[in-house]
Amino acid sequence: MKKTLTIMLILGFVLSLAFAGGSAESSSSIEIDEDFVVTYPVENDGYTLDIWCPIQAPAAKYITSYNEQEVYNQISVNTGISTNYMHPALGQEAEQLGLLIAGGDLPDIIQIRNLYSGGASSGVEDGIFLDLTDLVKTYAPDYYALITKDDLTYKLATDNDGRIVAFHLLKSTAPEFNRMNFISAVIDKYGIDEMPVTIDDYEEIFSKMAADGLAGIALPMNGRLDQFMWPYGITNDFYIKEDGTVGYGPYTENYKDYLELMHSWYEKGYIYKDFMSNLSTNQRRALYSNLQVGMLYDSVDLAKSQAESVGLESIPANYPRLYEGQKLHFQTVNFDTLPVTVADSTMATVVTSDCEHPELAVQYLNYFYTQEGADLCNWGIKDKAYTVDENGEKHFTDYMLNNPEIALGDVQTMLKIHLTAKLSEPDVVCNPNVVSNEEALELRMLYADDPDVDNSQVLPTFDLSADASYDRSKIMRDITTYIDEMTIKFITGVTPLDEYDDYMAQLKQMGIEDAIQITQEEYMKFMSKPGLESL
Amino acid sequence: MSLKADFRRNSWLYWMIIPIVIYYVVFMYIPMFGQIIAFQDYRPSRGILGSDWAGLENFIDFFSSPFATRVIKNTIIIALNEIIFGFPAPIILALLLNELTCQTYKRTLQTISYIPHFISLVVMCGIIIDFVSSDGVITTILSYFGFEEQNLLAQSKYFVPIYVISGIWKEIGWGSIIYLASLSGVDQNLYEAAAIDGAGRWQRLLHVTLPALIPIISIQLIMRVGNIMSAGAEKIILLYSPAVYESADTIASYVYRAGIQEQSYSLAAAVGMFNSVINLCLVFFANWFSRKFVEESLW
């Protein structure tokens with residue numbers, strides 16, 4: 001009896017091992033009919049694509065899933081492909097994606113964004129996502145045409161081995177949306193005629209506010225606000241130094257200048273005292289409209305709506321500078337040169353190896369890059385959400401702009417598709433919240449013609465190779481904690497800035513230079529990898 | 001008595017315990033196999049069986065991190081403070097309540113004291129953050145006594161007191177229930193006899209009430225000691241910020257950051273495992289100590 005039981009247990013164990021091994025190797029090649037021509041609706045046998053993607057917070061106020069969202073439904077009708085969207089809980093996207101993958105039973109399509117450590121490329125290495133290089137050529141001609149339109153786009157859209165592993169959000173240039181915002185009543189109250197330009201101007205405004213007991217600004221919880229680092233020639237993360245090599249902002253002597261400025265502002269009461277406690281974005285916005293801080297670093301549109309909610313007016317200021325006319329090289333919104341949205345705001349979408357009909361999945365994803373699909377995403381349903389006039393220009397209808405059931409700030413995600421892997425139009429053209437109101441549009445366009453900004457020192461945000469990404473994140477784990485902690489201590493004065501050299505030495509000891517080296521090598525690899533000419 | 005005979009006699013009890021056994025097997029024992037990932041370079045996509053073995057690398061990584069000693073030290077400091085100040089609080093409250101003679105007053109007081117227990121932790125932490133911010137109620141009151149009018153949660157020296165005191169406030173009433181329940185079982189004749197012998201109130205408390213509580217106190221203490229290393233992760237994560245990592249970053253919050261936020265599952269599992277082993281040793285130690293010196297023990 002006991003013996004049989006043992007044997008059965010061993011057998012069971014061996015079998016389960018064998019099966020587990022088998023499933024990992026199942027990424028066999030997929031048959032591709034090279035003469036296939038994509039037409040919508042796509043002929044298919046009614047297979048339903050399961051799609052996992054984070055739901056956008058504003059949409060989650062009205063619906064529990066995109067299956068109830070009209071544009072997604074319209075896309076399903078137009079493509080003839082039935083879809084089933086599923087969403088992780090808001091704020092737990094990364095944890096739930098980890099569980100989903102550990103669980104083993106994958107949906108057909110996953111919008112992994114930046115939630116999968118190592119990115120889409122390492123997922124392909126791991127055998128859970130498909131290498132889409134060949135599939136895209138045949139089944140996603142529209143996407144393929146867009147990413148092969150220039151060399152940089154193509155490099156950004158492929159991984160460091162030259163493969164297409166994901167569909168990305170393709171953007172077009174729009175003016176900066178994150179700026180320093182001031183309430184106009186406050187500006188008037190302190191007799192300021194012109195919006196601040198230099199750090200000295202900010203200092204002057206803040207000193208007037210502080211004399212009145214009003215804090216100037218609530219910094220982010222870790223005290224690292226990049227637009228105030230730019231004047232010192234650094235940014236908050238990895239960047240390209242003037243000599244063309246990679247550097248890391250908080251590991252430079254310039255970072256000390258930033259800290260000195262922030263420390264002196266903190267001492268003088270220009271910085272909101274409680275900034276380091278767990279302030280949420282919403283709390284920070286509320287501080288602004290409650291007039292508890294004089295300035296808000298946030299998107300111009302959102303700062304405006306926040307101020308309007310209490311009957312106030314909000315105006316943005318240009319990037320802070322050390323002196324007028326200083327050139328800044330860190331503007332991150334110029335999508336002519338960074339056309340593919342990767343890194344933090346990536347919308348990378350992959351097809352998994354569990355997908356039974358990858359060709360169907362790829363055709364579905366391609367639809368978001370066709371003119372018809374892009375219009376649906378960017379404008380909503382034709383004749384319902386927008387109309388086209390005789391000049392071919394599109395205009396939103398009242399259904400979009402004055403919807404009785406959906407707030408203007410939320411129609412973006414409810415009646416169109418705001419963020420996903422798609423061909424996107426700039427928000428100053430098709431964000432209902434911005435275009436509804438000339439004033440809002442004007443605010444956004446302020447400083448858009450500033451000739452002294454460019455993005456020459458922004459590190460293109462490419463996918464690191466799996467090993468590099470693993471090694472770098474291992475080093476950066478403790479370093480991030482240390483920098484966050486020390487930044488706050490330097491700003492509040494708990495640690496005097498005399499000890500900045502010890503801080504630099506500690507970072508060096510923790511391996512920051514290895515992390516920079518890895519990034520540098522990957523950057524070189526990215527720059528030298530075969531581009532369009534290899535096709 | 002053989003198992004068979006015992007089963008025949010108490011068959012219903014055996015049936016009743018089955019769900020509990022299943023619960024422990026499914027949710028406590030089976031997941032223990034997952035500890036294997038502490039010795040692996042675990043990738044969710046490859047699964048437990050497919051990931052590469054890493055030996056003790058994750059443990060070495062943790063102990064060579066500049067934060068290892070700090071998080072261990074903080075965990076112990078917070079736990080010791082909780083035991084020294086937090087553990088006796090409900091006992092004292094129970095003793096005080098027990099001395100009350102007016103039943104209505106006693107019940108009202110008791111109910112009020114355990115209301116905070118029912119406030120969700122997130123809400124409670126929100127209240128704490130607000131009260132100790134630079135213009136919060138508590139900060140303002142303290143400023144009359146010469147404290148600086150600064151955010152208390154942003155200063156590492158105040159983190160532990162805030163953590164412990166708010167914990168007492170939240171759990172004191174709820175924690176006292178178990179002691180009050182044991183006190184209700186104390187024979188009233190003992191008090192009468194003591195009173196006749198000339199024992200005052202204080203002596204009755206010392207010689208009748210407290211001895212009656214010793215068994216439950218020692219069992220509670222043993223269980224508490226077993227949790228030393230896992231000081232409330234959720235509450236710390238809700239209250240801390242980079243400004244106070246120095247005194248607030250514990251093993252649990254480190255595991256949270258490494259494992260959940262940065263997805264280094266193996267490192268998190270290794271640290272968690274280290275933690276559990278220490279906890280296990282502590283329970284054995286506490287049990288041995290209690291059996292030897294108080295003659296009460298869990299097993």
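This is a short chat about chain B and some aromatic rings in a predicted model.

Colleague: What does the secondary structure of chain B come to?
Modeller: Chain B has 16 helices and two strands. Its C-alpha trace spans about 75 × 70 × 35 Å along the principal axes.

Colleague: How much of chain B is buried?
Modeller: Of the 299 residues in chain B, 39% are buried. The chain exposes about 16,800 Å², and carbon and sulfur atoms supply 69% of that.

Colleague: And how many positive and negative side chains does chain B have?
Modeller: There are 18 positive and 21 negative ones in chain B, with the centres of the two sets 8 Å apart.

Colleague: Which rings do Lys235(B) and Arg257(B) sit over?
Modeller: Lys235(B) lies over the face of Tyr163(B), 4.3 Å from the ring centre. The charged end of Arg257(B) is over the ring of Tyr245(B), at 4.6 Å from its centre.

Colleague: Switching to ring pairs, how many aromatic pairs are there over all chains?
Modeller: The count is 46 over all chains. One of them joins Tyr66(A) and Tyr85(A), edge-to-face, at 5.9 Å centre to centre and 75° between the planes.

Colleague: What does that pair tie together?
Modeller: Tyr66(A) is in the loop between helix H2 (57-60) and helix H3 (70-79) of chain A, and Tyr85(A) is in strand E2 (residues 82-86), so the pair ties together parts that are 19 residues apart in sequence.

Colleague: Are those two buried or exposed?
Modeller: Tyr66(A) is buried at 3% relative accessible area, and Tyr85(A) counts as buried at 7%.

Colleague: Which residues do ring pairs link into a cluster?
Modeller: Phe182(A), Tyr202(A), Phe206(A), Phe228(A), Trp265(A) and Tyr270(A).

Terms used: Residues numbered from 1 in each chain as written. Chains lettered and ligands numbered in written order. Predicted model: local features only at pLDDT ≥ 70, side-chain atom pairs only at ≥ 80, totals over all residues. Heavy atoms only, no water. Helix = DSSP H or I, 4+ residues; strand = E, 2+ residues; numbered from the N terminus. Buried < 20%, exposed > 50% of the residue type's maximum accessible area, 1.4 Å probe, protein only. Areas by Shrake-Rupley, 256 points an atom, 1.4 Å probe, with all protein chains shown as cover. Lys, Arg positive; Asp, Glu negative; His and termini not counted. Charge placed at Lys NZ, Arg CZ, Asp CG, Glu CD. Phe/Tyr/Trp six-rings, centres within 6.5 Å; stacked < 30°, edge-to-face > 60°. Lys NZ or Arg CZ within 6 Å of the ring centre and 35° of its normal.
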